[in-house]
Amino acid sequence: MQAIDALLTRRSARALTEPAPDEGALELIFSSAIRAPDHGRLRPWRFVLIRGAARERFGAVLADYLRRTHAQVGEDTLERERLKAFRAPLIVVVAARCQPIAKVPVIEQTLSAGAAAHAMMLAAFALGFNAMWKTGGPAYDATVKTALGLEPGDAIVGFLYIGTEQGERPALPRGTWRDLVQELAPAP
Ligand SMILES: Cc1cc2nc3c(=O)[nH]c(=O)nc-3n(C[C@H](O)[C@H](O)[C@H](O)COP(=O)(O)O)c2cc1C
């Protein structure tokens with residue numbers, strides 16, 4: 001697939017199954033991630049790969065977050081939360097580990113992690129897989145971060161669920177870009 005076709009046709013998956021990207025595909029996906037623009041060459045990206053039986057552990061982390069933050073939540077709801085970890089055969093937690101450097105504000109380092117996440121989604125799509133980018137409360141919770149092996153100060157920018165999509169589904173129209181763009185005229 002040409003890069004421009006991936007850029008113009010990528011859309012999120014609704015449901016994902018096996019096969020997950022194999023080691024060769026993961027090599028390309030992570031290599032794409034670390035091509036993200038990186039002000040100051042800080043390499044602010046951190047990734048947690050979750051697959052196979054480790055998804056059970058991720059599901060427990062999600063359910064524990066829900067239990068801690070919603071006192072009245074029932075067992076059925078907790079079970080549904082646990083099952084979110086099985087929405088795809090593979091999950092990559094994408095985080096920014098920002099350094100306090102005046103020349104490169106934290107927002108720029110965080111944006112770089114966002115760019116890495118997008119690059120991973122596009123790479124997966126170009127390789128015949130697809131992905132969903134999710135966040136929610138757990139992405140911002142220090143206990144969740146620690147449970148996933150990250151540092152409490154890391155910023156999780158996304159949980160990328162990656163796998164194979166069944167069937168074809170075109171991208172929904174996004175409207176025109178023209179009403180979003182204004183052109184600065186030369187100085188009078
Ligand atoms: C930082 C970020 C976080 C997101 N978090 C969620 C989320 O938690 N749940 C969700 O349904 N969509 C979330 N989305 C949106 C979807 O990933 C997706 O982009 C959106 O549904 C539009 O679909 P499309 O990618 O096919 O255009 C998030 C997107 C971004 C960029």
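How many nonpolar, polar and charged residues does the lining of the second largest pocket have? I kept that question open while I went through the ligand and the pockets, bearing in mind throughout that this is a predicted model.

**Entry 1, the ligand.** I began with the residues around the ligand and listed Arg10, Arg11, Ser12, Trp133, Lys134, Thr135, Gly136, Val157 and Arg174. Sorted by class, this shell holds two nonpolar, three polar and four charged residues. I then looked up individual polar contacts, and found that an N or O atom in the side chain of serine 12 is 2.5 Å from an oxygen atom of the ligand. For threonine 135 I noted a polar backbone atom 2.9 Å from a ligand oxygen, while for lysine 134 a polar side-chain atom lies 3.1 Å from an oxygen atom of the ligand. As for cover, the ligand on its own has 620 Å² of accessible area, and the protein covers 51% of that.

**Entry 2, the largest pocket.** I next looked up the largest pocket, which contains about 350 Å³ of space. I counted 15 residues in its lining, and those nearest its centre are Arg10, Arg11, Ala171, Leu172 and Arg174. Among these, Arg10, Arg11 and Arg174 had already come up in my list of residues around the ligand. By class, the lining of the largest pocket splits into seven nonpolar, three polar and five charged residues. Helices α1 (3–9) and α5 (106–126) each supply at least two of the lining residues, and the largest share, three residues, comes from α1.

**Entry 3, the second largest pocket.** I recorded about 170 Å³ of space for the second largest pocket. Its lining consists of Met1, Arg11, Phe125, Gly128, Phe129, Asn130, Glu165, Gly167, Glu168, Arg169 and Pro170. Here I could return to my opening question, and the answer is four nonpolar, three polar and four charged residues.

**Entry 4, a pair in that lining.** Arg11 and Glu165 both appear in the lining of the second largest pocket, and I therefore checked how they are placed in the chain: arginine 11 is in the loop between α1 and β1 (16–17), whereas glutamate 165 lies in strand β5 (residues 155–165). The two form a salt bridge, with their closest N and O atoms 3.0 Å apart. Because of where they sit, the pair ties together parts that are 154 residues apart in sequence. My search of the whole structure gave nine salt bridges.

Notes
Residues are numbered from 1 along each chain as its sequence is written. This is a predicted model: local features need pLDDT of at least 70, side-chain atom pairs count only at pLDDT 80 or more; totals for chains, interfaces and linings use all residues. Side-chain values use heavy atoms; hydrogens and water are left out. A residue is near a molecule or strand if one of its heavy atoms lies within 4 Å of it. A polar contact is a pair of N or O atoms within 3.5 Å; within protein, one must be able to donate a hydrogen and the other to accept it, and residues adjacent in sequence count only if both atoms are side-chain atoms. Accessible areas come from the Shrake-Rupley method with a 1.4 Å probe; for residues, only the protein chains shown count as cover. Ala, Val, Leu, Ile, Met, Phe, Trp, Tyr, Cys and Pro count as nonpolar, Asp, Glu, Lys and Arg as charged, and the others, Gly among them, as polar. On a 1 Å grid over the protein atoms alone, a cavity is a set of points where a 1.4 Å probe fits but cannot get out, and a pocket is an open set with protein on both sides within 12 Å along at least five of seven lines; lining residues have an atom within 4 Å of a point. Grid points are joined across faces, edges and corners, and a volume is the space filled by probe spheres set on the points. Helices (H or I, at least four residues) and strands (E, at least two) are DSSP runs, numbered from the N terminus. A salt bridge is a side-chain nitrogen of Lys or Arg within 4 Å of a carboxyl oxygen of Asp or Glu.
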